[in-house]
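Open the structure in your viewer and keep the selection tool at hand. The stops below say what to select and what is found there.

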Amino acid sequence: MIHYFTSKDGRVTIDRLQRFLPESAARRIQVLPYESLGTRGYLPYGAFIFASVEVQSPPFRDVLVRVAEKIRETCPEVPLLNDPAHVMARYQLNRVLFERGINDYDVYRLDEVRAPTRYPVFLRREDDHCGNVTGLLNNEDEYRRAVAAVGVARSDTLAVEFVDTRDETGAYRKYGAYILDGVIEPAHLFSSEEWMVKGAQHRDESDLKLEQEFLRARPHLDELGEIARLAGIQWGRVDYALLDGRIQIFEINTNPVVISEKVAERVTPELMQTRMALFARTIESLDDRVGAGARIPIAQVQGCRPPGWRRIWNRAFSR
């Protein structure tokens, strides 16, 4: 059995995937809501996928690190994808990629000493995948006014340098690729005239054809694989753009949307069948690597039980 950790709100993505997977694969997945950890004395034996790791609060992330350590200590033989001790959240990932010369843009926490020196920038939350919370801020004066308006949310808000990735047609294009047990698989290519590209967007039929060609050509796999390994992520989706042919990573979502009504409308039945078969093979391969074993005790993991677990849980899931 594969145990898929995510929040109650976040389980919609894996629930939807299970409905489209072949029954032989779907029945191998059990969703374990993070909210239930505080009331569990044991975890069932099996493989584990930690999803939505990058959006958890620091105190709860620490709990997940200790849970994963207990799994490793008790059952070192089982697959454990997205170990919370190694998954890079957005700020850390973007800082590392900038310092290594992979990304051309830098990011700043609003409560750190560093501040932007290159404009425009925009503000966004570090702990969600909802996109920008401001428009483009073109100078220091606009930036300071926007920061003042954020108020108490400063500690979890980032200033992100804007990088203009428009191509010769004036389109912003957001590429996506799945990370499946370390294997990279092209996911989508969205096109928009807006700089923040969210959702399944296309301007016209030529954009749709461009996406189909991207899915057939399967570019960037080796480079994305290296970035996924750097980020400590084995399950998720990486979103990126191209700047003069060079990859610019936006984020890696460890609880990715795989199937939705919009996706089903855009992707050919043949491609959808191929994609579901790939996910099914990944799930079955993970499960086949798991034998029989005893339950994993977590009652004594610090933060999972009294003292203190209710305070951590309330803080983690009251947003």
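Start by selecting arginine 124 and glutamate 251: both residues are buried. This is a predicted model. The two side chains form a salt bridge, with their closest N and O atoms 3.7 Å apart. Arginine 124 belongs to strand S7, while glutamate 251 sits in strand S12 (residues 246-253), so the pair, 127 residues apart, links distant parts of the chain.

Now extend the selection to the whole of S7, residues 121-125. Four of its five residues are buried, which leaves the strand mostly covered. Add strand S8 (residues 157-161), which pairs with S7 in the antiparallel sense over five bridges. Which residue of S8 is the bridge partner of valine 121? It is glutamate 161.

From S7, move to the loop between this strand and helix H5 (140-150), and select asparagine 138 there. Its relative accessibility is 47%, so asparagine 138 counts as partly exposed; the cut-off for exposed is over 50%. Add phenylalanine 162, and the C-alpha atoms of the two residues are separated by 9.8 Å, although their positions lie 24 residues apart along the chain.

Next, return to salt bridges, of which a search of the whole structure finds 26. Select arginine 28 and aspartate 288, whose closest N and O atoms are 2.8 Å apart. This pair also links distant parts of the chain, at 260 residues apart: arginine 28 is in the loop between helix H2 (23-26) and strand S2 (29-33), and aspartate 288 is in helix H9 (residues 269-288). Is each partner buried or exposed? Arginine 28 counts as buried because its relative accessibility is 16%, whereas aspartate 288, at 57%, counts as exposed.

For a salt bridge within one helix, select arginine 216 and glutamate 213. Both lie in helix H6, three residues apart, about one turn of the helix. Their closest N and O atoms are 3.2 Å apart. Arginine 216 is exposed, with a relative accessible area of 56%, and glutamate 213 is partly exposed at 40%. Elsewhere, select Arg95, Glu99, Asp106, Glu112 and Arg114, which are joined into one network by salt bridges that share partners.

The last stop is on the surface. Select Glu193, Glu194, Asp204 and Glu205, which gather in a patch of negative charge. Of these, aspartate 204 is found in the loop between strand S10 (183-192) and helix H6 (205-217). Aspartate 204 counts as partly exposed because its relative accessibility is 38%.

Key: Residues are numbered from 1 along each chain as its sequence is written. This is a predicted model: local features need pLDDT of at least 70, side-chain atom pairs count only at pLDDT 80 or more; totals for chains, interfaces and linings use all residues. Side-chain values use heavy atoms; hydrogens and water are left out. Buried means under 20% relative accessible area, exposed over 50%, partly exposed in between (1.4 Å probe, protein chains only). Helices (H or I, at least four residues) and strands (E, at least two) are DSSP runs, numbered from the N terminus. Two strands pair if DSSP finds at least two bridges between them. Patches are made of residues with over 30% relative accessible area and no salt bridge: like charges are joined within 9 Å, nonpolar side chains (Val, Leu, Ile, Met, Phe, Trp, Tyr) within 5 Å. Accessible areas come from the Shrake-Rupley method with a 1.4 Å probe; for residues, only the protein chains shown count as cover. A salt bridge is a side-chain nitrogen of Lys or Arg within 4 Å of a carboxyl oxygen of Asp or Glu. Lys and Arg count as positive and Asp and Glu as negative; His and the chain ends are not counted. The place of a charge is taken as NZ of Lys, CZ of Arg, CG of Asp or CD of Glu.
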